[in-house]
Amino acid sequence: MGISVKGLVKQYAGKPVVDHIDFEIADGELVSLLGPSGCGKTTTLRCIAGLETPESGRIAIDGEVVFDADSGVVVEPYHRNIGMVFQSYAIWPHMTVFENVAFPLRVRRMAAADIERRVGRALERVGLGAFHDRSSQQLSGGQQQRVAVARAIVHEPAVLLFDEPLSNLDARLRDQTRAEIRQLQRELRVSTIYVTHDQTEALSLSDRILVMHDGRIRQLGTPEAIYARPNDMFVAEVVGAANFFDVTVDDRGAATDTSGATFHTAFAPPGSGPARALIRPDKLLIGPDPGGDLGPNRLRGTVRQRLFMGGYYEYVVETRLASPRVLSSAEFAEKAQVVLSFDSGDCIFLLKE
Ligand SMILES: Nc1ncnc2c1ncn2[C@@H]1O[C@H](COP(=O)(O)OP(=O)(O)OP(=O)(O)O)[C@@H](O)[C@H]1O
Ligand SMILES: [Mg+2]
């Protein structure tokens, strides 16, 4: 097991900011921690790294218990088998690139020849093979970030922790570096936690996503599962664009909105009564209005906005009670009368929050 966290609690001034969380990360797996600002992502990471002392819980890294409140085990950060990349990179400006990357090995009192070899290899891996002697002050943001990654992997840790490592980079460099981090993580097969509040980053990078809110875990699952089957409204909105329809669920599990449209779902509804039907923009099909009675899982509407996104259109379609977004390669003019339809497998009912 790469990382195991059980019953973790971290409080500041008596207020829990990490509130009894449990999760496990398999060997070589990349899990994103996704959630709004202040939900406890950095604090969770710092507890695993040993930079904070939790009030209770147990943390194991690569099978070794590094923190256990009950038995009083607290392993020092430098003795935990981890590498960490911070949002700020934390590159030391007075040191060369080589010395920055060598630091974790010097702390571990490794022999000079081994340090030379390992630092060289780590810098090669991040594409900075020619930068050994460069002063850290003469690096671009993207290069500093690579130095931080090289320093995190140089001692071949069992676990990598990333805290929003790309947030200081411009959009293009961010896309490129994200792909490189994923590639590197796969090659090294190192269990990784990747903190972000960028849903696209979490969806594209992760084996699984852990959605946090107010110090607790709302859902842990594959990107596909979290996108298609969120547990609640919060998760639905954190991961991907969401269309919601106010409906009333009957005892048989079907729902109607007050305009009389009927929604069927392939999944067990959360109970009867007021709820919201969630259908993602890519799961609403748009077509011409055939007229007459439409039947279930169909809504009449008018195209209010059409944006050409290159390869597909993004529409805003006004129906009687909502104006969902729809992605489609089919072309309809603004003001066109259309019918939106969806599959029962792409509609889920969530309780109102
Ligand atoms: N040293 C500290 N002393 C007191 N409160 C703290 C301390 N560090 C963090 N907090 C509080 O704990 C909560 C969680 O903070 P944390 O940094 O873990 O959030 P985060 O999810 O990483 O947010 P962000 O996305 O903004 O980085 C916040 O309310 C924060 O104000
Ligand atoms: Mg943070």
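A salt bridge, for this talk, is a side-chain nitrogen of Lys or Arg within 4 Å of a carboxyl oxygen of Asp or Glu. By that rule E318 and R304 are joined through their side chains, at 2.8 Å from N to O. I'll come back to that pair in a minute.

Quick housekeeping. What you're looking at is a predicted model, where local features need pLDDT of at least 70 and side-chain atom pairs count only at pLDDT 80 or more, while totals for chains, interfaces and linings use all residues. Residues are numbered from 1 along each chain as its sequence is written, chains are lettered from A and ligands numbered from 1 in the order in which they are written, and side-chain values use heavy atoms, with hydrogens and water left out.

Okay, the overall picture. The chain has 353 residues, and 49% of them are buried. Buried here is under 20% relative accessible area, exposed is over 50%, and partly exposed is in between, using a 1.4 Å probe and protein chains only. There are 8 helices and 21 strands; those are DSSP runs numbered from the N terminus, H or I of at least four residues for helices, E of at least two for strands. The C-alpha trace spans about 80 × 50 × 35 Å along its principal axes.

Now the ligand. Which residues are around ligand 1? Counting any residue with a heavy atom within 4 Å, we get Y12, V17, P36, S37, G38, C39, G40, K41, T42, T43, E164 and H197. Helix α1, residues 41-49, gives the most to that shell, with 3 residues. By class the shell has 4 nonpolar, 6 polar and 2 charged residues. For that count, Ala, Val, Leu, Ile, Met, Phe, Trp, Tyr, Cys and Pro are nonpolar, Asp, Glu, Lys and Arg are charged, and the others, Gly among them, are polar.

Let's look at some N or O atoms facing the ligand's oxygens. In T43, a side-chain N or O atom is 2.5 Å from an oxygen of ligand 1. For C39 a backbone N or O atom does the job, at 3.2 Å from a ligand oxygen. E164 brings a side-chain N or O atom to 3.5 Å from an oxygen of ligand 1. Taken alone, ligand 1 exposes 640 Å², and the protein buries 58% of that.

Back to salt bridges. The whole structure has 20 of them. Our opening pair, E318 and R304, links distant parts of the chain: E318 is in strand β18, R304 in strand β17, 14 residues apart. R304 counts as partly exposed because its relative accessible area is 43%, and E318 is also partly exposed, at 36%.

Strand β18 holds E314 too, which pairs with R325 in strand β19 (residues 325-328), 11 residues away. Their closest N and O atoms are 2.3 Å apart. Buried or partly exposed, which is E314? Buried, because its relative accessible area is 12%. R325 is partly exposed, at 33%.

Elsewhere, R252 and D250 meet at 3.6 Å, N to O. R252 is exposed at 74% relative accessibility, whereas D250 is partly exposed at 27%. And D175, R178 and E201 are linked in a network of salt bridges.

Last stop, the loop between β17 (298-308) and β18 (313-318), where you'll find Y312. Y312 is partly exposed, at 34% relative accessibility.

That's my tour; shout if you want to look at any of it again.

Note on methods. A polar contact is a pair of N or O atoms within 3.5 Å; within protein, one must be able to donate a hydrogen and the other to accept it, and residues adjacent in sequence count only if both atoms are side-chain atoms. Accessible areas come from the Shrake-Rupley method with a 1.4 Å probe; for residues, only the protein chains shown count as cover.
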